[in-house]
Structure formats: C-alpha cells, structure tokens
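Please examine the sequence and the three-dimensional model displayed here. The account that follows considers enclosed space, buried residues and charged pairs in turn.

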Amino acid sequence: MNRSNSGANLPTLRSHNAALVLDLLRVAGERGISRLELAERTGLTPQAVSKITARLRAEGLATDAGHRASTGGKPRTVLRLVPDAGYAVGMHLDRDELTVVLVDLAGAVAASRTAPLDFGAPADEVVAMAAYAVAAVRDGGAQPVDLPVLGVGVAVPGPLDHRGGVLHRVTGFPQWDGYPLRDALAARTGLPVVVDKDTNAAALGLALHAAGAGDFAYLHLGTGLGAGLVLGGGLHRGARTGAGEFGHQTVQLDGPVCSCGGRGCIEALCLAAVARGDVAEAARVLGTGAANLVGLLDIDRVMLGGRTVAADPDAYVRGVRAVIDERARLGGIDAPVPVTAAGGGDRPVAEGAAQLVLAPLFGRVAGADVGGVDGGAGLIP
C-alpha cells in the first residue's frame, strides 16, 4: 500500500472551542446535533459555531445528518461526526499477551489482533513485535485502504513515567527499568506514541463511555492486580504516575513474599487463591482491598475487569460487594458503594489505550504528550 508512515494531521483540533464542538458531535452519534444546540451547550455564539462547523466539514470531520423540525422557521440542519475521518491504535502489552485494536473517532473498533507475548524477552524484540502488530491492524482486511492514523496509545504494567514514556521497575520485570518505550515504538512505527499504565488506560476508556459514573476505581485482575482512579472528573495518575499501585498494599504482615519483594500484598494473596481455584477467597481478598480504597477515597463506584474477573464475573462482583457492604454496615452507612463488572476481559485496556490518543482531540483529556496534542491532568468536567 502506498502510504506515508506519519500520523494524520488535524489542524482544526488545536482550537479548544473546536474540540468542544467535536466532542458534542461525538456524543450525539448518528442522530447528530444542530448548530443551535451546539451554541447552547458550548456557550459560543451562533456565528462562532458556524465558523467552526464549516471548518470541520471542510476537513471531513463533520457532515450533514439530515434535518430536524424547528419550533419556528425552517427546519434545522443537523450535523454529525465522521467516524472514519481519523483512527487511533490502542495496544495492551501484558506480561503474556499482546492485544491491539484500531479505533475510529467514535470509539468503534475497526480491527483487532491478539497474540502471545513474552514480556520478559529482550525489549527490542518486544518492541519489534508491537510494531508488527500496529502495521497488521492498520493494513488488515481484504482491501486495505489509506487510513488517517493519529497515533498509538500503549498500555503497560506499571510503574512508569507517562510523560516521558519511560518504564520503571515493572513488577517481575526489572530489566525494563529506564527503557524509553515511547521513543522506541515511535521510531519503529513512524507514528506519535503515548504510554500509560494499563489500569489508567482502562479507567479513561470507561470514564468516557460511562456517563454519570462519578468518582470510581477500576480494579484490574489478570496477570497482576492494579487500579485506575477517576477522581474529581479526572484521571488521577499522581505526580509520578504512581497512583493505582493497588495490588501492593500490605494486608497480611509477614505474609507470603510478593513478586514486588514485599510480603502479604493483596496481589500475592489474590493470585495465589486464583492459582488454586479458590474464586471465593480471591474475591474476598480483592474485596478487602476495594473496601480499604472506598474508605480512603469515598468513591462512588467500583468496577472490576481483567481476564481473571471475566472468567467468573458474577462471583467476583458478589464477593467484592459482600465485603464492601459489610464494611459499610459496620460504619453505619445505609447506601453501600455499587460494584459492577466492566466486561470484555482485557479488551477495555486496549480500547482505553486508543483513547489516550483520541480523547485530547475532543478536549476531554490532557497531559498526554502525543505529537504536540495539548493536555493537562484529566477529563474536563
């Protein structure tokens, strides 16, 4: 296929107001939204909205979606987002598996690929495999086309520095400490790359699609155990991207040794229960950590995800909810925090990784250094 390797360029999205309008088009979906509604919801003047939507249409990001009856005068023209005007690749590098998705502007998955992965292999080999997977989802299909790919979002186990895209001492894989994953993968693919923790990526994706979820914790149980936190309407990473190291809180002094070097960590106890097939105990341990988190942060909801949870979601939701409810009862709280399963196994991590690239384009997230896309600390309320 004849195509440049560089990421797509959408100059209109450098405007904050244009990003607000584009986000409303995204949320409206196929039904679309009128210019008058856009002006009312953004606080922009009708003239400003007309100029912005004209540019969006000229650049192929928006198009007409028919007409809607007006309360007076002629019918209103309705506009909608053009989902295939841009794409992002989302990648989940887990300890034993690689998942890659190609996502359009509306968040729909256009292609996906899953393959075994040895995260303990030499870094250059892992990056080469990741780059091959990116090329595969971009070029897949019976009739490959020239797709405007904006960048690659990569979700990996922490700890790491999301601003520099540099990994630290990943639990169980200390050889990754200091590795510049972002720059290495960008060099291989020719695309802008952003890197974040797997749990942060999943929490971001869930926050964008779970309207009204409030402050919540996403607990991911798979090959490891971690948390993604959405607090105050924003993805909470912490000053050093260290927030959410949920699995390494000690709950049993002098307990079994964890892969992190500590003892009695929730991750070690939970994974040990999983290994021996004791789902009830694994859920109870997970619930103990979740109840601690609820008590510490006073969050509104707990969401469970990951391939281990996906194997028996009802049992994990039931077990975690029982511990949280009991803790609430002892504290005299009448309305315990709800517990739900995110569903999709590890897929929400890869899809959330794609949103690390896409969300800033809609003015929803910042702090992601993706080829000059501006941003700050989290979702805009």
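Which elements each supply at least two residues of the lining of the largest cavity? The model under discussion is a predicted one, and in it the elements concerned are α6 and strand β12, which spans residues 225-231. Of the contributions to this lining, that of β12 is the greatest, at 3 residues.

The cavity itself may be described next. Its volume is about 190 Å³, and 20 residues line it. Those nearest its centre are Arg-95, Gly-158, Asp-198, Leu-225 and Gly-226. Leu-225 and Gly-226 fall within the residue range of β12, while Asp-198 falls within that of α6, residues 198-209. Sorted by class, the lining comprises 11 polar, 6 charged and 3 nonpolar residues.

Helix α6 merits separate attention. The helix has 12 residues, and the distance from its first C-alpha to its last is 17 Å, close to the 16 Å expected at 1.5 Å a residue. Of those 12 residues, 11 are buried, so α6 is largely enclosed by the rest of the structure. The buried residues run from Asp-198, Thr-199 and Asn-200 through Ala-201, Ala-202, Ala-203, Leu-204 and Gly-205 to Leu-206, Ala-207 and Leu-208. Asp-198 thus appears both among the buried residues of the helix and among the residues nearest the centre of the largest cavity.

The structure holds 2 cavities of 30 Å³ or more. The second largest encloses about 30 Å³ of space. Its lining consists of Arg-26, Leu-105, Ala-106, Gly-107, His-209, Gln-355, Leu-358 and Phe-362. His-209 belongs to this lining, and residue 209 is where the range of α6 ends. By class, 4 of the lining residues are nonpolar, 3 are polar and 1 is charged.

Two individual buried residues illustrate how separate parts of the sequence come together. Ser-34 is located in strand β1, which covers residues 33-34. Its relative accessibility is 1%, and Ser-34 therefore counts as buried, the limit for that class being under 20%. Leaving aside residues up to four places away in sequence, Ser-34 is in contact with Arg-68, Arg-76, Thr-77 and Val-78. Ser-34 and His-67 are separated by 33 residues in sequence, yet their C-alpha atoms are 8.5 Å apart in space.

The other residue is Thr-53, part of helix α3, which covers residues 46-58. Thr-53 also has a relative accessibility of 1%, and on that basis counts as buried. With residues up to four places away in sequence again set aside, Thr-53 touches Val-21, Arg-35, Leu-38 and Leu-79.

Attention may now pass to charged pairs. How many salt bridges does a search of the whole structure find? The search returns 12 salt bridges. One of them joins Asp-64 to Arg-57, with 3.5 Å between the closest N and O atoms. Asp-64 is classed as partly exposed because its relative accessibility is 37%, and Arg-57, with a relative accessible area of 37%, is likewise partly exposed.

A further salt bridge lies in helix α8. There Arg-284 pairs with Glu-281, the closest N and O atoms being 2.9 Å apart. The two residues are 3 residues apart in α8, residues 279-297, and so are separated by about one helical turn. Arg-284 is partly exposed, its relative accessible area being 47%; Glu-281 is partly exposed at 21%.

Helix α10 offers another case. The side chains of Arg-329 and Glu-326 form a salt bridge with an N to O distance of 2.7 Å. In α10, which covers residues 313-330, these residues are 3 residues apart, so about one helical turn separates them. Arg-329 counts as exposed because its relative accessibility is 53%, whereas Glu-326 is partly exposed, with a relative accessible area of 37%.

Salt bridges also connect into a network, one that links Asp-94, Asp-96, Glu-97 and Arg-307. In sequence, Arg-95, one of the residues nearest the centre of the largest cavity, falls between Asp-94 and Asp-96 of this network.

Note on methods
Residues numbered from 1 in each chain as written. Predicted model: local features only at pLDDT ≥ 70, side-chain atom pairs only at ≥ 80, totals over all residues. Heavy atoms only, no water. Helix = DSSP H or I, 4+ residues; strand = E, 2+ residues; numbered from the N terminus. Expected span 1.5 Å × (residues − 1). Buried < 20%, exposed > 50% of the residue type's maximum accessible area, 1.4 Å probe, protein only. 1 Å grid on protein atoms, 1.4 Å probe; cavity = no way out; pocket = protein on both sides within 12 Å on 5 of 7 lines; lining within 4 Å. Points joined across faces, edges and corners; volume = space filled by probe spheres on them. Nonpolar A, V, L, I, M, F, W, Y, C, P; charged D, E, K, R; others polar. Contact = heavy atoms within 4.5 Å. Salt bridge = Lys/Arg side-chain N within 4 Å of Asp/Glu carboxyl O.
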